[in-house]
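Reader: I'm in my first year and still learning to read models like this one. Could you take me closely through one place where two helices meet, and then show me how it fits with the rest?

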2 protein chains.
Amino acid sequence: MANGMLERISGPADVKALSRARLHDLCRDIRATLLEYGHAHGGHIGSNLGMVEATVALHRVFDSPHDRIVFDVSHQSYVHKMLTGRAGAYLDPARFDEVTGFTNPAESEHDQFTLGHTGTSISLACGLAKTRDMALAASGGADDAGIGDVIAVIGDGSLSSGVAFEGLNNAAEQGDNLIIVLNDNEMSIAGDFGGMYGPLARLRASNGTAQPNLFNAFGLDYRYVAQGNDVDALVAAFEEVKGIGHPVVVHIHTLKGAGFAPGASRGGATDHAGVAVPPTDTGVAATGNVSHAEPWKSDHCDLPDAVPHEGQCEASHWQTPDRALGRPDDPRKHYGKLAMAALERRFPHEPGLVVVSPATPGSNGITHEFRERAGSHYVDCGITESHAVAFASGIARAGGTPVVATTASFFQRAYDQFFQEMSLNRSHVTVLDFLGGLSGSDNTHSGAYDVAMFANIPGVTMLAPTSTRDYLDALAWSTAPAGTPGRSDGPVVIRVPGQSILDRERALRRELSPEEVLRGSEGAGVRPAWDPAGMLSYRTDRAGSGVAVIALGNTHPLGERVVKALSAAADGRSPIDATLIDPRQCTTLDTAALESLRDGHRLVVTLEDGQLEGGWGEKVTAYYANRRTAGADGGMRVINVGADKEFTDRVPLADLDERYGLTVEAVVRRIHEALGE
Amino acid sequence: MANGMLERISGPADVKALSRARLHDLCRDIRATLLEYGHAHGGHIGSNLGMVEATVALHRVFDSPHDRIVFDVSHQSYVHKMLTGRAGAYLDPARFDEVTGFTNPAESEHDQFTLGHTGTSISLACGLAKTRDMALAASGGADDAGIGDVIAVIGDGSLSSGVAFEGLNNAAEQGDNLIIVLNDNEMSIAGDFGGMYGPLARLRASNGTAQPNLFNAFGLDYRYVAQGNDVDALVAAFEEVKGIGHPVVVHIHTLKGAGFAPGASRGGATDHAGVAVPPTDTGVAATGNVSHAEPWKSDHCDLPDAVPHEGQCEASHWQTPDRALGRPDDPRKHYGKLAMAALERRFPHEPGLVVVSPATPGSNGITHEFRERAGSHYVDCGITESHAVAFASGIARAGGTPVVATTASFFQRAYDQFFQEMSLNRSHVTVLDFLGGLSGSDNTHSGAYDVAMFANIPGVTMLAPTSTRDYLDALAWSTAPAGTPGRSDGPVVIRVPGQSILDRERALRRELSPEEVLRGSEGAGVRPAWDPAGMLSYRTDRAGSGVAVIALGNTHPLGERVVKALSAAADGRSPIDATLIDPRQCTTLDTAALESLRDGHRLVVTLEDGQLEGGWGEKVTAYYANRRTAGADGGMRVINVGADKEFTDRVPLADLDERYGLTVEAVVRRIHEALGE
């Protein structure tokens, strides 16, 4: 229950000034605020609920910003933000947009880095500590480079990342002070996966005494805090390691979603606010009027994905705000479910068909229900994109059919495996690339760079389907079993369609349901078998003359509207009977199609919803520039429309389209300018 | 001493047919062959000498190719190749080029993958095992997908890779047969670095019984073989795990370079051939006439880098063939040494200046001697590119000055950290990018893709210096301490010059020595301070008209020759007074320079020694195409010369230049063709 304490906290000094008893009241107020905020705004509520006491204890004991706290992934930094001058951004709905969902040095001197991918906090902390130690050594202890204790806060699934292990292995060599707080909430995003979790459970059961101890095995000192939601226990543990002269792991056992009463309405949740559920080694000791049903404690959460729940269930990873309830699926979920349905239909007779998810399956429509049905045809390998792509390459080498699915920006972690294990080895891997292209995402999660990443790797085919039909054809082609005539030659990346494609299909009532796909009924009269000869050919949607618009992937609906606008005389201009082409892929140029445009066209316009530099359209430009034909016209004129090379942070998609000229008006204007030379 | 056994081995069946005693003779013959081969051809001799007995034992016990052996990095697969029908390629100098230095499915059904980067073998093996197990489950045990036991062979430093830990953590979940052979030779490339090596040493000292056991901590079964160069012990250990129904680690303790007599001449080494030095827990038991000085057993190898040595010293990572002795440094070593000298001069008064090497320091001129002198200013973090870049970002955030140095293709492992921790966070990191651009390298190590990788990341500056002076200026600019006016704004990648630049400097007698740089004498009249305003500007080396050649990085000497050739009337053509421009960087376009070329030029030619798609030249093309000026000439004509999007494997650089038209004749011809339209 909100008690007004949080609004009186303007910085860590205020946390230090509280009596010990009042710390508990502060935790209660923070928890109530998180629940209110989660219902209204959404966010990583479950993990933050688990970290309330630990974050209060960190700021009680350490002296940020002189002591540096590095939050891994930084999705669990809400409480840290509340305690470092930004409580108002969580208390007042009008101010919700004042803070990002991740740490951000531009917001506060207490934030060390902008982070949104997992596992790098230990390495970053090693760097901070290294510089401190070099300065101290050079100055005889007089200069600490402005850095005291260095604390990396990791957990909530991110320990499984390869770079986290690299960091653990290097931390011991660091020598001096370095504190790694492991938030062990028994959860990765979709349940723990991996051999280390058994020994971690035995560590918990033994109050931190059992061997093998993974952290000791990396040469690190180790402490265990069983009561990871008991602020007093945490303060004591952190005081013990404060100023410690060597690297140490403080393993704290927390409860993800602590204090959330599942199924509660907003009012109900408010009633339950302030209920902390500190874990013990023997179970959950409810200290308030929390429901004792505790469904979020089960190994397999029973709540369907349609219901938002901030507890320990995976769907809570990104809690949906109340106002979004009942809305239709976003494109990631929609197209993800369609792909899973198309694959699931084949599981009974294709033992080698395996879906591999290195993270966030729920966000990509790989539902809990699908995973249960898929059994061994589905592998959640934790947040390990590098492993996932190498693993898939191994499956392919053995004759199996792997499909690796995650979000575009996370795939950056597997860049080398895409190059080496996948493409160089001609591994028949399908990559489902979610959230590719422009979006209003955080700067850490933008998919604007996916074409530049995938399409410049030799040997990779990247498809950008513009309809459900093309999307399912692409998947059928790329996952065709060995021996199927005309199946894809090597790895295929399928860029999952975005909002503009889904909007068009909904408007045209062409939307398919996963159930239809699962039954195979979409094939009856709707979907012919894919044509192997045509998978990589450009498709002319409208044959015209003068101007050809080649619109890749999510920009195809824009291309349609541009061509329609050109066909209408306006502003005293003559109508243009433009050609519209769907290139369908962005890894090879259909030179026959490009050459045929020379007949009757003098301007080619490329549209793409990603970065121009290193992207697709500039290859079309270079093609024509380097293969000019004789004649006085100087060859084909080409203009490219797409995104600048820049990071963008939560800029609405419509604003980005405006910024980059990806609107009907802007494209038509550029065409007329080019023709009017 | 060679005994002729190896030439009678045409496949694994021949290994199985030998008597137990003859296995020892075979090992001796293999070792002698490796030493002869190493002297004549060069290669990863040290690691292969350590794996002689283990590889013989693997083929004695397992049934390749039904049983699948996946060699991590695959640089230690020479013995495997000898035993699988390819012995002739090691015995007969005329046939040395018949095999690659890595496993290669195109060579043999016994090779599972083409690999050259570390740490993915466990994940790949998981994929093979997964497909086998799915097939067995679906068929009621009748169909194993052609796969029996699956064995990943990892070690020799590659265990420190993040993806290897991801694989270890996932292996336990695999369930059925999966055998991980850890080749523990107490060595990473340049000595072990990391907290796990202490516990590993205690495992060795306890005959595999001590806790914490890293592999148990990942939930894996574990066996230890102290005598990793005793073929009988290895056969027994492998027989014990053959057909095992769950994942298991077999930790074998080997001696890198076993049998090599340091400092021996070719003849001397031959005399010592056949001397195995099996390690025991108490030390090295020499079983032959090996020198007991054993300098390669010391923690810090005392052999200077100039001396090739296949033993345990790091410089042996890539043993240089005898014929290369005494040759001048290649560009990696040459320019690497210059950079280290320039930094070393500053160590005494810049405590935050730190060189971070995630692998192969010796190959990049980061010599043993430098590392000794650098002390804490140098960090070898093992083969951990992801960690290295995040670590450097932490150093930068703390106000330090990190320089991360390794080979271009290995940096692919840190792609996400370049994006997130480095660039998005505006971390002031310097990246020394070795072997960037075209080379005759293996397909796994090609640097042809480095511009497409680095230069398309928002916020990264990538410089391609074309002289020692520019190179040292670039380094001084990018590593200028915080507060230096005009220092680089954010991360800087410096592409280390290649052979063409070094050849030109040698021809012009402009070559500097590391000693001159260390003394700072290169600054006296030779090197002015860098000009902050000009670091990113294109430089006009020769002002002409009609044609402008913009030659990036290593193609600059080619550009010079092209411009010279154009200036001479030939084949009845008029001379062309062409402009030559050094763009100096490839991440932003100097639009003022490009605009000024419109005055008097009608053709721009871009030259680059990397992939055109996603590369640099196409950006110049797109610039002019999208900013055409009014006029009948159709705007600036641009042609791009560079590499195709493809993998190439050990194709000599001159052949690649020919293939891609990167020769004076080809470029001049294209220019005349373009002008003759």
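Author: Happily! Start with H7(A) and H15(B), whose crossing is right-handed (the near helix is turned clockwise from the far one by less than a right angle; anticlockwise would be left-handed). This is a predicted model, where local features need pLDDT of at least 70, side-chain atom pairs count only at pLDDT 80 or more, and totals for chains, interfaces and linings use all residues. Residues are numbered from 1 along each chain as written, chains are lettered from A and ligands numbered from 1 in the order written, and side-chain values use heavy atoms, without hydrogens and water.

H7 covers residues 121-139 of chain A and H15 covers residues 385-397 of chain B (helices are DSSP runs of H or I, at least four residues, and strands are runs of E, at least two, numbered from the N terminus). Their axes come within 6 Å and cross at roughly 45 degrees (axes are lines fitted to C-alpha atoms, for helices over the stretch in contact, with angles from 0 to 180 degrees between N-to-C directions). That angle makes H7(A) oblique to H15(B) (under 35 degrees is roughly parallel, over 145 roughly antiparallel, 65 to 115 roughly perpendicular, the rest oblique).

Which residues touch? From H7(A) come Ser123(A), Leu124(A), Cys126(A), Gly127(A), Leu128(A), Lys130(A) and Thr131(A); H15(B) answers with His387(B), Ala390(B), Phe391(B), Ser393(B), Gly394(B), Ile395(B) and Arg397(B) (contact means heavy atoms within 4.5 Å). By class, this contact has six nonpolar, six polar and two charged residues (Ala, Val, Leu, Ile, Met, Phe, Trp, Tyr, Cys and Pro are nonpolar; Asp, Glu, Lys and Arg charged; the others, Gly among them, polar).

Now for the two chains. A rotation of 180 degrees with 0.0 Å of shift along its axis superposes chain B on chain A, at an RMSD of 0.0 Å (by least squares on C-alpha atoms of residues with pLDDT of at least 70 in both). That is how a two-fold axis relates its copies. Both copies use the same surface, with 100% of chain B's contact residues recurring in chain A.

Another pair sits inside chain B: helix H2 (residues 20-41) and helix H4 (residues 52-61) pack at about 130 degrees, axes 10 Å apart. This makes H2(B) oblique to H4(B), and their crossing is right-handed. Residues of H2(B), including Leu23(B) and Ile30(B), meet Val52(B), Glu53(B), Val56(B) and Arg60(B) of H4(B). By class, that contact has seven nonpolar, no polar and four charged residues.
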